[in-house]
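The exercises below each set a task and then work through it in steps. Keep the sequence and the structure in view while reading.

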Amino acid sequence: MYNEKVMEIFKNPQNVGEVENYNAIGTVGNATCGDIMQITLRIENDVIKDAKFKTFGCAAAITSSSVATSMIIGKTVDEALKVTNKDVITELEGLPPQKIHCSVLAEEAIRAAIENYRATSGESAEATVSRECECACKKQDK
Amino acid sequence: MKLSSKARYGLKACLALAENHNVNKPLALPVFSEKAGVTEAYMEQIIILLKKADIVESVRGAGGGYYLKKSPDEIKVGEIIRALEDGLEIVDCINTPCEAADECKARKVWNRIYKNMNLVLDGITLADLLRDQKRYVYLDHSATTAVDDEVLAGMLPYFSEKPGNASSQHGMGREAEAAVDIARKQVADAIGAKTNEIYFTSGGSESDNWAIKGIAHSYKSKGKHLITSEFEHPAVLNTMKYLEGEGYEVTYLKTDKEGYIRPEELEKAIRDDTVLVSVMYANNEIGTIQPIPELAKIAHEHGAFFHTDAVQAVGNVPIDVKEQGIDMLSMSAHKFYGPKGIGCLYIKSGIRPERLIAGGEQERNQRAGTTNTPGIVGMGLAIEKATENIDANNAYISSLRDEFVKEVKERIPDIRYNGGEKRLAGNAHFTFKYIEGESILFTLDLAGICASSGSACSSGSLEASKTVLAIGVPPEEAHGSIRFTFGRENTMDDVKYTVDKLEETVKRLRSMSPLFAAAKAKITMI
């Protein structure tokens with residue numbers, strides 16, 4: 001169901017972990033839905049110097065996190081906010097329809113981290129921004 | 001009849017060239033002579049023949065050598081062997097006119113061997129052989145099994161040499177009918193039924209649909225209430241849903257935390273207007289074996305029929321429908337080393353569920369459709385083999401499973417082992433906390449290990465398994481559940497390899513998981 005590009009990235013995901021001295025952190029998703037994505041950033045002069053992720057989730061969630069963090073390193077905060085889930089999918093050369101929400105999660109994690117950076121003026125990253133996402137299992141269950 | 005050493009070394013040489021195919025440089029003669037284990041002089045004789053057959057090409061001069069003219073997936077093993085053996089005619093009369101051909105009874109045998117030998121060799125490419133070098137450990141026997149070699153050999157004649165329609169009156173038809181009769185007896189004997197109680201179908205799903213819809217429709221004057229369990233296979237659950245749409249009422253019995261449907265729960269749910277109780281023999285995810293005789297007894301005490309989806313159990317658990325009070329039982333051949341697309345419904349004589357498939361008069365006018373003779377023959381052979389050796393097979397398979405479970409529990413922390421002790425011999429089911437099942441599955445898959453998250457029918461969906469939730473695994477953990485199902489071709493070495501890879505996989509994914517980090521941080525703080 002996954003293409004070769006996704007499987008390749010899944011074998012060797014980039015930017016796994018937490019940025020040392022990060023000054024932005026965003027966490028989205030929840031365990032009941034089966035995916036949580038946490039992105040940490042080091043932002044200096046409004047430029048993203050480093051980005052890393054920790055993800056609980058399927059292969060699509062892990063590969064989306066990998067490409068999303070790679071895409072924003074070196075970008076300004078404003079440029080990073082323009083990265084959408086479609087860009088993530090393009091970078092992965094496609095995702096199965098039922099996995100599209102994983103790319104949405106990556107977009108939201110970036111936004112959450114940047115909101116956190118702005119809320120704390122880059123001083124500290126203690127005020128973690130967490131966002132609940134709409135997940136398929138919640139909709140189906142009720 | 002022996003292949004020459006030329007053919008054997010020639011194939012090895014071609015494999016060496018195939019491995020080198022993506023490298024943009026020809027392979028030197030000394031290199032692949034050594035790989036094949038023969039002298040250069042001998043290899044040169046082989047190469048001449050391979051060049052003549054347009055399989056290999058040479059490059060002269062310094063840095064020269066040999067390469068394959070086509071890509072490895074386009075070169076059939078048959079081409080190579082025929083080139084080196086000067087054809088594979090095993091007797092002189094093949095492909096040459098023979099005056100005695102019409103009277104010669106033996107010629108038919110030689111021709112058949114010749115044809116099949118070529119079919120086998122032409123069905124394998126060099127690329128297939130290279131791929132086979134990868135190690136595979138198949139631990140998904142609850143999804144399906146490979147057809148047993150003896151079973152396959154028994155089926156093959158009924159595809160083309162004995163193609164008769166079992167409903168035809170002529171000799172070929174009678175030949176097929178006789179084979180079906182033998183298989184029907186093999187299936188009946190395996191579950192303690194009579195031959196006229198076995199109805200062949202396309203498999204487990206059809207059998208479940210027929211049993212449940214058929215009873216509901218035929219006996220609706222008695223009542224419109226049915227009882228099943230909450231963790232049935234979708235073939236049962238979705239059939240029940242369908243009947244709810246027709247105005248039937250269905251009660252779904254809850255499982256206990258070990259994965260068993262308790263008879264007292266059925267006792268509470270059953271009513272005077274209950275027409276059918278359907279509870280699976282063994283659960284398809286956690287492998288727990290249900291108290292079938294007790295459940296059947298309660299159903300009968302209240303005048304209801306008892307059906308069991310025994311797709312996971314047949315061939316793995318001794319079943320006697322008469323002793324255990326089973327009125328209807330569904331099974332599917334591919335779960336016990338038989339072919340896919342064939343199954344049966346046992347219906348106790350005297351019970352008449354409405355027909356599901358209208359048409360011809362096959363299966364004593366109860367199930368239409370041209371008799372699947374090769375499938376039925378295969379199912380008969382497979383069930384006989386599985387039930388004859390059931391104790392020995394189970395002892396072996398459970399020894400592998402038990403070792404696996406013991407090792408996993410010892411080496412991997414933060415796990416749950418799901419389901420009670422009374423379960424299928426090959427089934428092990430774990431929940432690995434802080435990580436997600438699909439990524440576990442794909443990481444294992446990279447190491448050639450085939451397992452399953454949830455049941456095969458639901459993998460690819462985003463929901464956590466209903467069965468895993470039903471036995472009380474918290475929703476936030478349920479996503480990390482994996483089923484391993486061992487079978488008779490697995491070895492203790494497979495167990496060791498899988499435990500090693502599983503330990504690595506869980507560590508790797510936990511190192512990426514924010515949940516694991518959070519849980520560990522909490523522990524350190526305390």
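Two strands count as paired if DSSP finds at least two bridges between them. The model used throughout is predicted.

**Exercise 1. Decide whether strand 12 and strand 14 of chain B pair, and place them in their sheet.**

Step 1. Strand 12 (residues 427-432) of chain B is joined to strand 14 of chain B by 5 bridges. The cut-off is at least two bridges, so the two strands pair.

Step 2. The two strands run antiparallel. Opposite B:Phe430 stands B:Ile482, a residue of strand 14 of chain B.

Step 3. In chain B, an open sheet of 3 strands has the order 11-12-14, and the pairing is antiparallel. Strand 11 (415-417) and strand 14 (481-485) of chain B are at the edges; each has a single partner strand, so one side of each lacks a neighbour in the sheet. From one strand to the next, the twist averages 25 degrees.

**Exercise 2. State how helix 8 and helix 15 of chain B are oriented, and which residues bring them into contact.**

Step 1. Helix 8 (residues 171-191) of chain B packs on helix 15 (residues 373-388) of chain B at an angle of about 30 degrees, and their axes are 8 Å apart.

Step 2. Angles under 35 degrees count as roughly parallel, and the two helices of chain B, helix 8 and helix 15, are therefore roughly parallel to each other. Their crossing is left-handed.

Step 3. On helix 8 of chain B the contact is made by B:Ala176, B:Ala179, B:Val180, B:Ile182, B:Ala183, B:Gln186, B:Val187 and B:Ala190. On helix 15 of chain B it is made by B:Thr373, B:Ile376, B:Val377, B:Met379, B:Gly380, B:Ile383, B:Glu384 and B:Thr387. By class, the residues of this contact are 11 nonpolar, 4 polar and 1 charged.

**Exercise 3. Do the same for helix 16 and helix 20 of chain B.**

Step 1. The angle between helix 16 (residues 390-411) of chain B and helix 20 (residues 492-512) of chain B is about 25 degrees, with the axes 10 Å apart. That makes helix 16 of chain B roughly parallel to helix 20 of chain B.

Step 2. The crossing of helix 16 and helix 20 of chain B is right-handed.

Step 3. Helix 16 of chain B contributes residues including B:Leu400, B:Phe404 and B:Arg411 to the contact. Among those from helix 20 of chain B are B:Met492, B:Val495 and B:Leu502. The contact has 7 nonpolar, 1 polar and 4 charged residues.

**Exercise 4. Find which residues of helix 4 of chain B are buried, and what they pack against.**

Step 1. In helix 4 (residues 77-85) of chain B, the buried residues are B:Val77, B:Glu79, B:Ile80, B:Ile81, B:Ala83 and B:Leu84.

Step 2. These buried residues pack against helix 1 (5-19), helix 3 (40-52) and helix 5 (106-122) of chain B.

Step 3. After helix 4 of chain B comes B:Asp86, which has a positive phi near 60 degrees.

**Exercise 5. Is B:Tyr337 buried or exposed, and is B:Arg364 buried or exposed?**

Step 1. Most residues other than glycine have a negative phi. Phi of B:Tyr337 is positive, near 70 degrees, and phi of B:Arg364 is positive too, near 50 degrees.

Step 2. B:Tyr337 sits in the loop between strand 9 (328-332) and strand 10 (343-347) of chain B. It has 26 other C-beta atoms within 10 Å, so B:Tyr337 is buried.

Step 3. B:Arg364 belongs to helix 14 (residues 362-365) of chain B. B:Arg364 has 8 C-beta neighbours inside 10 Å and therefore counts as exposed.

**Exercise 6. Describe chain B as a whole, and the side of it that touches chain A.**

Step 1. Chain B has 21 helices and 14 strands. Its C-alpha trace spans about 90 × 80 × 40 Å along the principal axes, and 45% of its 526 residues are buried.

Step 2. Taking contacts in chain B between residues at least 6 apart in sequence, 72% join residues at least 24 apart.

Step 3. In the contact between the chains, 19 residues of chain B meet 22 residues of chain A. Helix 17 (437-446), helix 19 (475-478) and helix 21 (514-525) of chain B are the elements that give two or more residues to this side of chain B. Helix 17 of chain B gives the most, with 4 residues. This side of chain B has 11 nonpolar, 4 polar and 4 charged residues.

Technical notes: Residues numbered from 1 in each chain as written. Chains lettered and ligands numbered in written order. Predicted model: local features only at pLDDT ≥ 70, side-chain atom pairs only at ≥ 80, totals over all residues. Axes fitted to C-alpha atoms, helices over the stretch in contact; angles between N-to-C directions. Parallel < 35°, antiparallel > 145°, perpendicular 65-115°, else oblique. Left-handed = near helix turned anticlockwise from the far one by under 90°. Contact = placed C-beta atoms within 7 Å. Nonpolar A, V, L, I, M, F, W, Y, C, P; charged D, E, K, R; others polar. Buried ≥ 20, exposed ≤ 12 C-beta atoms within 10 Å, placed from the backbone.
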